[in-house]
Amino acid sequence: MADDKDQPFLDDIDALEAEIEADEVADEDGLLTPEDMQAEIDALKDRLIRALAEGENIRKRAERDRRDAEMYGGTKLARDLLSVHDNLSRALETIDDSLREQAGGLVEGLELTQRELLSVFERHRVVMVAPEIGDRFDAKLHQAMFEAPVPNTQKGSIIQVMAPGFTIGDRLLRAAHVGVSSNTAPAAEPKKTDAET
């Protein structure tokens with residue numbers, strides 16, 4: 001069997017036994033020193049402050065989650081309804097004057113349906129992003145479907161809008177589909193006529 005001196009955990013056994021006896025005596029008396037009481041008070045205050053802070057953080061997080069669910073809860077449905085808007089727009093774009101005369105009620109019904117759809121979108125904070133030709137391309141709101149070197153345009157300007165984009169709240173629901181100029185030549189100045197020279 002190994003010698004007790006080879007086992008370092010036995011070296012301070014007398015000191016540990018004395019500490020345990022002192023704790024037992026203090027427990028039997030039920031008395032704490034003022035320093036011990038203050039340390040316990042400080043520890044309890046710290047735990048209370050942390051618990052209150054955690055409760056406040058949970059309340060704020062729940063409120064933020066509730067607001068986000070209220071605003072963005074319909075995102076998936078709104079995204080699915082965008083194709084309905086696109087189809088109505090394409091149908092209305094193909095209507096000419098002769099068809100408008102033949103089926104005026106039907107055309108008016110389609111226009112009213114599209115207006116109602118846009119009205120419902122706005123009630124739920126779904127807003128159309130409709131760039132104009134000549135606007136600067138913004139990667140946060142637009143998706144470039146193609147680039148073309150169109151004369152008399154600046155590089156990065158919108159040359160065609162294929163489909164409008166939509167936002168919901170402050171988030172992008174769908175980027176506007178646009179064509180962008182890749183023209184690297186400076187815009188040509190109009191030629192002067194003989195009368196202007």
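How much area does the chain expose, and what share of it do carbon and sulfur atoms supply? In this predicted model, the exposed area comes to about 15200 Å², and carbon and sulfur atoms account for 54% of it. Of the 197 residues that make up the chain, 20% count as buried.

The secondary structure can be read along the sequence before turning to the fold in space. The chain contains 5 helices and 6 strands, and their order follows the pattern α-α-α-α-α-β-β-β-β-β-β, with the helices coming before the strands. Contacts in the chain can then be sorted by how far apart their residues lie in sequence: among those with a separation of 6 or more, 62% are between residues 24 or more positions apart.

The sheet is a good place to begin in three dimensions. Strands of a sheet pair through backbone hydrogen bonds, and they may do so in a parallel or an antiparallel way. Here, an open sheet of 3 strands has the order 1-4-5, and its pairing is antiparallel. Strand 1, residues 126-129, and strand 5, residues 171-174, form the edges, each of them pairing on one side only. From one strand to the next, the twist averages 35°. Strand 4, which covers residues 165-168, pairs with strand 5 in the antiparallel sense over 3 bridges, and within this pairing Phe166 has Arg174 of strand 5 as its bridge partner. Helix 3, residues 75-93, packs on this sheet and touches strand 1, strand 4 and strand 5, while its direction makes about 40° with that of strand 5.

The charged side chains add another layer to the picture, and a search of the whole structure finds 7 salt bridges. One of them joins Asp46 to Arg50, with the closest N and O atoms 2.9 Å apart. Why are these two residues separated by about one helical turn? Asp46 and Arg50 both belong to helix 2, which spans residues 34-72, and because they are 4 residues apart in that helix, about one helical turn lies between them. Asp46 counts as partly exposed at 37% relative accessibility, whereas Arg50 is exposed, its relative accessible area being 57%.

Helix 2 holds another pair with this spacing, since Glu63 and Arg67 are 4 residues apart in the helix and therefore separated by about one helical turn. Glu63 forms a salt bridge with Arg67, and the closest N and O atoms are 3.8 Å apart, a distance that still counts because the cut-off for a salt bridge is within 4 Å. Glu63 is partly exposed at 30% relative accessibility, and Arg67 is likewise partly exposed, with a relative accessible area of 45%. This pair does not stand by itself, for Glu63, Arg66, Arg67 and Glu70 are linked in a network of salt bridges.

A further salt bridge connects two helices: the side chains of Arg100 and Glu111 meet at 3.0 Å, N to O. Because Arg100 lies in helix 4 (residues 97-102) and Glu111 in helix 5 (residues 104-123), the pair ties together parts that are 11 residues apart in sequence. Arg100 counts as partly exposed at 34% relative accessibility, and Glu111 is also partly exposed, with a relative accessible area of 24%.

Conventions. Residues numbered from 1 in each chain as written. Predicted model: local features only at pLDDT ≥ 70, side-chain atom pairs only at ≥ 80, totals over all residues. Heavy atoms only, no water. Buried < 20%, exposed > 50% of the residue type's maximum accessible area, 1.4 Å probe, protein only. Contact = heavy atoms within 4.5 Å. Areas by Shrake-Rupley, 256 points an atom, 1.4 Å probe, with all protein chains shown as cover. Pairing = 2+ DSSP bridges. Axes fitted to C-alpha atoms, helices over the stretch in contact; angles between N-to-C directions.
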